[in-house]
Amino acid sequence: MRHARTAAALSALLLGLTGCADSGDDNDAEGPAGAPSVSASAPAPAPAPTEVAVRGGSHDPADPTIALLAYLPASIAVVEGATVTWTVAGPEPHSVTFFPAGQKPPTPDKASEFFAPAPATKPYDGSTLANSGLGPQGPGGPLTFKLTFAKAGTFTYVCVIHPQMTGTVAVGADAAAEPQAEIDARGKTEEGQWLAEGQAAKKKLLETGVQSAPGSNGRTAWTVQMGSTTPHTDVLAFAPAMVPMKAGDTVTFVNGSGAPHTATFAGGTTVPPNPEDPKVLAPAPGGSPQTLKATGYYNTGWLPPDAPPGQGPPLPARSFTFQVPSAGSYNFICALHVPSGMAGQLAVA
Ligand SMILES: [Cu+2]
């Protein structure tokens, strides 16, 4: 179809006819190659756009803990020479990263070398790295990234920290290219689907409810789940968010999701805002288990994801236990997902 359209468009050009640019509407009437059905009275189709915009990720507007891991829309088609602008509004950061042909994206735990931007120095032809870097990080407005496509082909890109988040740009000399309004409409449709997927995942996570089991010495052992992940979303929430403990009980944080998380108790100190800070990465004051006090900095460190699902590190490597000897309210956050509202409390009576 695209070759036929190219031939038709070329013929139209050669014949000096107007209307050689395709509208992008696949249903328009068209003659066989070499015989375009252009008449003097037909209105000239709109030229294929040379500037289009795509969104990178979004959040449920009613619930920032539901993050969409998708470009909206995931696939677009543009004409050669077109410029695409991606906007990542946050708060969950993403990247728009084109790896050169043959180079595999890193696993998320090795992605930090791609957190800095590496913009293209010339129109993109698939032979080099073109990378937005990771953003937005902290308050600083959205991340934007522009790339101009010089060569026909289909180019795939990824978010370096969310491997399931991929997109494609199909570049053609003809114009399967859609107008921005159609790109936006498809983005909205996909966003609606993934929001429903995320909302269902959050409901399921919360339905886990409050989990407890008899512990040693008549104490109770509580469990807190850290988020959950679906093919297009991350739920960035603790379940339960409030743990109704008694002094002497234990609580174990378990990461069964596809993203790394921490449970971090600031205890009157300051939690570094940079998730890559060694104070966030490492357990403090040491490995599991720990005895939690009301003051002082306690941190599980990055608990790794169960990724790919069911094939992550063994459960003990994704878990961390605190014993809590004294009554009080102990607030905790995930130091990676504070902007998305990932927080909870141990209410110890
Ligand atoms: Cu988190």
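Okay, let's start with a hairpin: strands E11 and E12 make one, and there are two residues between them. This is a predicted model, so let me stay around E11 for a bit before I get to how confident the prediction is.

E11 covers residues 220–230, and eight of its eleven residues are buried, so call it mostly covered. With E12, residues 233–239, the pairing is antiparallel and takes in five bridges. If you want a spot to click on, Thr230 sits opposite Thr233 in E12.

E11 has other partners too. Strand E10, residues 211–214, runs antiparallel to E11, and four bridges join them. There, Ser212 has Trp222 as its bridge partner. Then there's strand E14, residues 250–254, which pairs with E11 over five bridges, this time in the parallel sense. Ala221 in that pairing is bridged to Thr250 of E14.

Now, the E10–E11 connection is a hairpin as well, with five residues between the strands. Asn217 is in that loop. What is the phi of Asn217? It's near 55°, so a positive value in a residue that isn't glycine. And is Asn217 buried or exposed? Exposed, because Asn217 has 5 C-beta neighbours inside 10 Å, and the cut-off for exposed is 12 or fewer.

Right, zooming out. We've got 349 residues, 39% of them buried. The secondary structure is three helices and 20 strands. If you take contacts with a separation of 6 or more, 72% of them come from residues 24 or more positions apart.

On confidence: the average pLDDT is 87, and 86% of the residues score at least 70. The part to watch is residues 1–39, where pLDDT is below 50; that stretch still has 52 contacts in the model beyond near neighbours in sequence. Where pLDDT is low, the predicted coordinates shouldn't be read in detail. I'll leave that stretch there.

Next, the core. The largest nonpolar core has 74 residues, and the ones with the most contacts inside it are Val78, Val84, Val224, Val251 and Val324. Strand E2, residues 63–72, gives the largest share, seven residues. Where does this core lie relative to domain 2 and domain 3? Between them, because domain 2 (48–203) and domain 3 (208–348) both give residues to it. As background, nonpolar side chains in soluble globular proteins tend to be buried together.

Let me pick out Val224. Skipping neighbours within four places in sequence, Val224 contacts Phe238, Ala239, Pro240, Val243, Val251, Phe253 and Gly344.

On to helix H2, residues 180–207. A quick sanity check on the geometry: at 1.5 Å a residue, its 28 residues should span 40 Å, and the end C-alpha atoms are 40 Å apart, so that agrees. Which residues of H2 are buried? Ile183, Gly187, Trp194, Leu195, Gly198, Ala201, Lys202 and Leu205. You'll notice a lysine, Lys202, in that list. While you look at the spacing, remember that an α-helix has 3.6 residues a turn, so residues three or four places apart point the same way. The cover over those buried H2 residues includes strand E1 (51–60), E2, strand E3 (75–79), E11 and E12. So E11 comes up again here, as part of that cover.

Let's look at Leu195, which lies in H2. Leu195 counts as buried because 20 other C-beta atoms lie within 10 Å, and 20 or more is what buried takes. Leaving out residues up to four places away, Leu195 touches Asp60 and Leu68. Pro61 is 134 residues away along the chain, yet the C-alpha atoms of Leu195 and Pro61 are separated by 9.6 Å. After H2 comes Gly209, with a positive phi near 70°.

Last bit, some backbone details for anyone setting up a simulation. There's a cis peptide bond between Gly90 and Pro91, omega about 5°, and Pro91 is in the loop between strand E4 (83–88) and strand E5 (97–98). Another cis peptide bond joins Gly135 and Pro136, with omega about -5°. Pro136 is in the loop between E6 and E7.

Gly140 lies in that loop too, between strand E6 (130–131) and strand E7 (143–148). Gly140 is exposed, because 9 other C-beta atoms are within 10 Å. From Gly140 to Ala89 is 51 residues in sequence and 10.0 Å in space, C-alpha to C-alpha.

That's my tour; over to you.

Methods:
Residues are numbered from 1 along each chain as its sequence is written. This is a predicted model: local features need pLDDT of at least 70, side-chain atom pairs count only at pLDDT 80 or more; totals for chains, interfaces and linings use all residues. pLDDT is the predictor's confidence in each residue, from 0 to 100. Two residues are in contact if their C-beta atoms, placed from the backbone, lie within 7 Å. Two strands pair if DSSP finds at least two bridges between them. A nonpolar core is a set of buried Ala, Val, Leu, Ile, Met, Phe, Trp, Tyr and Cys residues joined through C-beta atoms within 7 Å. Domain bounds come from an automatic or database domain assignment. The expected span of a helix is 1.5 Å times one less than its number of residues.
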